[in-house]
Amino acid sequence: MSMATFQRLAVASSLAVICFSLVYIFTGCCDTELVARPGGLYVRVPVREFASAGWNATGGGGVGPGAGMERDYTAVRRLPQALIIGVKKGGTRALLEFLRLHPDIRALGSEPHFFDRHYARGLDWYRTMMPKALEGQVVMEKTPRYFVTMDTPERVHAMSGQVKLIVVVRDPVTRAISDYTQIISKTPDIPAFESLAFKNQSTGEIDSQWSPLWIGLYALHLQRWLDWFPLSQIHLVSGERLISDPAGELGRVQDFLGLQRIVTDKHFYFNKTKGFPCLKKPEGSSKPHCLGKTKGRPHAPIDPEVLQKLRDFYRPHNERFYQLTGQDFGWQ
């Protein structure tokens, strides 16, 4: 091999290494995100975006204007401008996954529990958990426990008085049964729903302090938030309509966030087996995207008389909630 040929090969090899390094950087392989691990630990893992798959690990890819474009390195980690604050078993995970289709939403996948469990770590720590976002993109996270935690409204307001709040609400009786169904899936030997729902089953006295029932006292919890935020900054999503008309509910959420309606009915199909909407398969993927096996699972059977007593119990609380919000959700 001549010296000239050897030199040309050396130059070509160097250029190949440089090109590989640039691809590595500009495809975001150096970007990372804090992810929750068991035991309350958080670890930083690489965020790899697959534009060809139609969505990505932290939201904002593959759908709408700008999908597949090179990253802009003015992206920074910012405190969230919007929070999904509740309610547990209302449909918050579904809402978050649907919203992450929007290219102008950057959403944390895990629940950080900053305002209820990790507040002492400070806002700088909280900021490091957020995905990087460009100017004009909305950063958000969801932690359903925020809605019912006593000190959270004041703490959120201390971070920002302009933050937008989203609450997914659902018939409190159905929500309580869903909550209990999740509990028994993890702790099968707990007492029956009826024995936990009543202080005294013979007198029919409801135990409103039992967590699955207490969470459904929406007016009580909402009032604490209204002490710190105007109703105009709180958007209520119907958990029932999120199932029956996901595109309609997502359209209203996008309006509330000041975003173009990009997530529409073309992104959804109804899975009759799960009884739940799923996302149509993205370009480059062979399968549609449905939520995990715990979503849409059958509820534990409950005595109809118990259900009626619970509806009677919640009726005045629901009416108060309708008055506070100016919306009638039509729960029985």
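**Close-up views of salt bridges**

**View 1. Residues E97 and R93 are joined by a salt bridge.** In this predicted model, the closest N and O atoms of E97 and R93 are 2.9 Å apart. Both residues belong to helix α2, which spans residues 92–99. Because E97 and R93 are four residues apart in that helix, about one helical turn separates them. E97 has a relative accessibility of 16% and therefore counts as buried, since buried means under 20% relative accessible area. R93, with a relative accessible area of 22%, is partly exposed.

**View 2. A salt bridge links E249 with R241.** The closest N and O atoms of this pair lie 2.8 Å apart. E249 is buried, its relative accessible area being 1%. Its partner R241 is partly exposed, at 32% relative accessibility. The view thus pairs a buried acidic residue, E249, with a partly exposed partner, R241.

**View 3. The side chains of D255 and R261 meet in a salt bridge.** The N to O distance in this pair is 2.6 Å. D255 has a relative accessible area of 41%, which places this residue in the partly exposed class. R261 is also partly exposed, with a relative accessibility of 44%.

**View 4. Salt bridges connect K88, R175 and D179 in a network.** Three residues, K88, R175 and D179, take part in this linked arrangement. In total, the structure holds 13 salt bridges, and those shown in the preceding views include the pairs E97 with R93, E249 with R241, and D255 with R261.

Key
Residues are numbered from 1 along each chain as its sequence is written. This is a predicted model: local features need pLDDT of at least 70, side-chain atom pairs count only at pLDDT 80 or more; totals for chains, interfaces and linings use all residues. Side-chain values use heavy atoms; hydrogens and water are left out. A salt bridge is a side-chain nitrogen of Lys or Arg within 4 Å of a carboxyl oxygen of Asp or Glu. Helices (H or I, at least four residues) and strands (E, at least two) are DSSP runs, numbered from the N terminus. Buried means under 20% relative accessible area, exposed over 50%, partly exposed in between (1.4 Å probe, protein chains only).
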